[in-house]
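Student: I've got a model open and a pile of labels like "buried" and "edge strand" to justify. Can we go through where they come from?

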Amino acid sequence: MSYVDIHCHILPAVDDGARDLEESVEYARRLVDEGARELIATPHVGNPRFPFDPTEIADRVAALSAELEQRAIPLQIHGGGELHPSEPNALSNDQLELIANGPPGARWLLFEIPFAGVDQRFADDCRELMARGFGLVIAHPERARGLFSDGGWQLLRSLVAEGALLQINVCSLLGNNGLEAQEAAVGLLRSGYAFTLASDAHPGTRDHTAALGFALTLRAGASSLQAWRLTQANPRFLLRSGIPAGFNEQRGVSLGRAPLPVA
Ligand SMILES: [Fe+2]
């Protein structure tokens, strides 16, 4: 078994991730050395700060993959994207398909949490995306301002009960996003609400890896089995099986669950 990272800005020169090919390659080499074999490249999509046409993803992934193969770096890269919360439903289904992953019938999107906080508009957008046939993995919910102090968690927990999954960041566990985000990430981890841990790496500036995440997960109180699920089994499941209908009910996550304990 090996690490799988579903959130990584490894594509060079498309957003605030890797600035050039060498940064991408250097990071990929390090991942392989640490035991990673697969990742999803997730450039920002729909983000006003980083205009990017998702039709470019396949060619850019192919170009980086060819470069890695030439340099004998065995890292498989899947195409994806980090969908921005500003106007996610302005994208057509064809555009969303370009950044979705998983098999037919269980396709899912990586959807970025609003840093300003989880509000009704975000919840409505999530429901519209799900109604359009896409499962959701919500990226770094711990980074939403006031998640556990202003009602955001009630909205987010409802979305989880309706099928959304939560992805926390390595850098949040590390404390690099502040104490509130760190405590929220630990709370999501210990409560079982976090389905997967991802690097959200920006090679060259934020070089966190899933292997570091594995160690931080243990330090935060997870069992080795939970750490393995968060960094290996669950992200691999997302790639191979996607988000099947009714998946969260099978996991036992429901609205009736006790309030989330924050560390
Ligand atoms: Fe990201």
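What follows is a chat about the labels on this predicted model.

Student: Let's begin with histidine 202. Why is histidine 202 called buried?

Tutor: Put its value next to the cut-off. Buried means under 20% relative accessible area. Histidine 202 has 2% relative accessibility, so it counts as buried. As for its place in the chain, histidine 202 is in the loop between β9 (194–198) and α8 (210–219).

Student: What makes the pair histidine 202 and aspartate 16 a polar contact?

Tutor: The cut-off is a pair of N or O atoms within 3.5 Å, with one able to donate a hydrogen and the other to accept it. The side chains of histidine 202 and aspartate 16 make such a contact at 3.4 Å. Beyond its neighbours within four places in sequence, histidine 202 is in contact with His9, Asp16, Gly17, His44 and Asp207.

Student: Now the six-stranded sheet. What makes β3 and β9 edge strands?

Tutor: The order is β3-β5-β6-β7-β8-β9, in an open sheet with parallel pairing. β3 (44–45) and β9 each pair on one side only, and that is what puts them at the edges.

Student: How do you know that β3 and β5 count as a pair?

Tutor: Count the bridges. Pairing needs at least two between the strands, and two bridges join β3 to β5 (residues 82–83), with the strands running parallel. Across that pairing, valine 45 stands opposite leucine 83. Helix α4 (residues 120–131) packs on this sheet, touching β5, β6 (108–112) and β7 (135–139), and its direction makes about 165 degrees with that of β6.

Student: And what joins β5 to β6?

Tutor: Two bridges again, and these strands also run parallel. Leucine 83 stands opposite phenylalanine 111 in β6.

Student: Why is β6 called mostly covered?

Tutor: Five of its five residues are buried. Trp108, Leu110 and Glu112 point one way, Leu109 and Phe111 point the other way, and all of them are buried. That fits the general picture: in a regular strand the side chains alternate between the two faces of the sheet.

Student: There's a cavity too, I hear. How many cavities of 30 Å³ or more are there?

Tutor: The structure holds one. The volume of the largest cavity is about 30 Å³. Its lining is Ile6, Ile40, Thr42, Gly80, Gly81, Ile99, Asn101, Trp108, Leu109 and Leu110. β6 supplies the largest share of that lining, with three residues.

Student: What makes helix α5 largely enclosed?

Tutor: Nine of the 10 residues of α5 (residues 152–161) are buried, so the rest of the structure largely encloses it. The buried ones are Gly152, Trp153, Leu155, Leu156, Arg157, Ser158, Leu159, Val160 and Ala161. What covers them includes α4, β7, β8 (165–169), α7 (179–190) and α10 (247–251). Just after α5, glycine 163 takes a positive phi of about 125 degrees.

Student: Over to the other sheet. Which strands are the edge strands of β1-β2-β4?

Tutor: This one is an open sheet of three strands with parallel pairing. β1 (3–8) and β4 (76–79) are its edge strands, as each pairs on one side only. The twist averages 20 degrees from one strand to the next.

Student: How do you know that β1 and β2 pair?

Tutor: At least two bridges are needed, and four join β1 to β2 (residues 36–41), which run parallel. Valine 4 stands opposite glutamate 38 in β2. Helix α1 (residues 21–34) packs on the sheet, touching β1 and β2, with its direction at about 140 degrees to that of β2.

Student: Last stop, the loop between α3 and β6. Why is alanine 106 called buried?

Tutor: The limit is under 20%. Alanine 106 has 7% relative accessibility, so it is buried. Leaving aside residues within four places in sequence, alanine 106 is in contact with Asn101, Ser241, Gly242, Ile243 and Pro244.

Student: And what makes arginine 107 and glutamate 97 a polar contact?

Tutor: The distance limit is 3.5 Å, and their side chains are joined by a polar contact of 2.7 Å. Arginine 107 is in the loop between α3 (93–99) and β6. Arginine 107 and glycine 117 are 10 residues apart in sequence and 26 Å apart in space, C-alpha to C-alpha.

Note on methods. Residues are numbered from 1 along each chain as its sequence is written. This is a predicted model: local features need pLDDT of at least 70, side-chain atom pairs count only at pLDDT 80 or more; totals for chains, interfaces and linings use all residues. Side-chain values use heavy atoms; hydrogens and water are left out. Buried means under 20% relative accessible area, exposed over 50%, partly exposed in between (1.4 Å probe, protein chains only). Contact means heavy atoms within 4.5 Å. Axes are lines fitted to C-alpha atoms, for helices over the stretch in contact, and angles run from 0 to 180 degrees between N-to-C directions. On a 1 Å grid over the protein atoms alone, a cavity is a set of points where a 1.4 Å probe fits but cannot get out, and a pocket is an open set with protein on both sides within 12 Å along at least five of seven lines; lining residues have an atom within 4 Å of a point. Grid points are joined across faces, edges and corners, and a volume is the space filled by probe spheres set on the points.
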